[in-house]
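Trainee: Could you take me through one part of this model up close? I'd like to see how its surface is made up, and how that part sits in the whole.

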Amino acid sequence: MHDEMMDLMDASNEIQETLGRSYNVPDDIDEEQLMGELDALEADMDFESNSVPSYLQPDKETDLDSELNLPAAPSGHATIPANRQQEDELGLPTVPHASIPPGQEGEVGLPRIQ
């Protein structure tokens, strides 16, 4: 317990020394000059973040649609067949549930194999 207390005291002293350090910041700092530098840094960062690297820019030299000669996409509504299977909430076809007559279940609720 004594060793743990000594470790805690050493850590506390190290923190106090770090917080009490002087970083040689002069007292006569012009805040307007600092704000100007900050604004310039922000402008540089905005410029860098808004510019897109050349490898990410779209290629304007080729028109792939005209090269592939694809037909136009159909418009309007498609007809739905009458015997279409029902869909669940995700748009997937529902699975029909089998009904097992009472007394035909196996040990774990599965049909017996005879």
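Mentor: Start with the surface of the whole thing: the protein exposes about 11900 Å², and 55% of that comes from carbon and sulfur atoms. Keep in mind that this is a predicted model. Of the 114 residues, 0% count as buried. The protein has three helices and zero strands, so along the sequence you read α-α-α, going by how DSSP runs define helices and strands.

Now zoom in on helix H1, which takes in residues 2-19. H1 has 18 residues and spans 26 Å from its first C-alpha to its last, close to the 26 Å expected at 1.5 Å a residue. H1 is hardly covered, too: the count of buried residues among its 18 is zero.

What's on show there? Take the nonpolar side of things. Met1, Met5 and Leu8 make a nonpolar surface patch of about 380 Å². Met5 lies in H1, and it counts as partly exposed because its relative accessible area is 45%, in between the cut-offs of 20% for buried and 50% for exposed.

Then there's the charged side of the story. Asp3, Glu4, Asp7, Asp10, Glu14 and Glu17 form a negative surface patch. Glu17 is one of these, and its place is in H1 as well. With a relative accessibility of 57%, Glu17 is over the 50% cut-off and therefore counts as exposed.

One bit of helix geometry is handy when you look at lists like these: an α-helix has 3.6 residues a turn, so residues three or four places apart point the same way.

Definitions and conventions. Residues are numbered from 1 along each chain as its sequence is written. This is a predicted model: local features need pLDDT of at least 70, side-chain atom pairs count only at pLDDT 80 or more; totals for chains, interfaces and linings use all residues. Side-chain values use heavy atoms; hydrogens and water are left out. Patches are made of residues with over 30% relative accessible area and no salt bridge: like charges are joined within 9 Å, nonpolar side chains (Val, Leu, Ile, Met, Phe, Trp, Tyr) within 5 Å. Accessible areas come from the Shrake-Rupley method with a 1.4 Å probe; for residues, only the protein chains shown count as cover. A salt bridge is a side-chain nitrogen of Lys or Arg within 4 Å of a carboxyl oxygen of Asp or Glu. Helices (H or I, at least four residues) and strands (E, at least two) are DSSP runs, numbered from the N terminus. Buried means under 20% relative accessible area, exposed over 50%, partly exposed in between (1.4 Å probe, protein chains only). The expected span of a helix is 1.5 Å times one less than its number of residues. Lys and Arg count as positive and Asp and Glu as negative; His and the chain ends are not counted. The place of a charge is taken as NZ of Lys, CZ of Arg, CG of Asp or CD of Glu.
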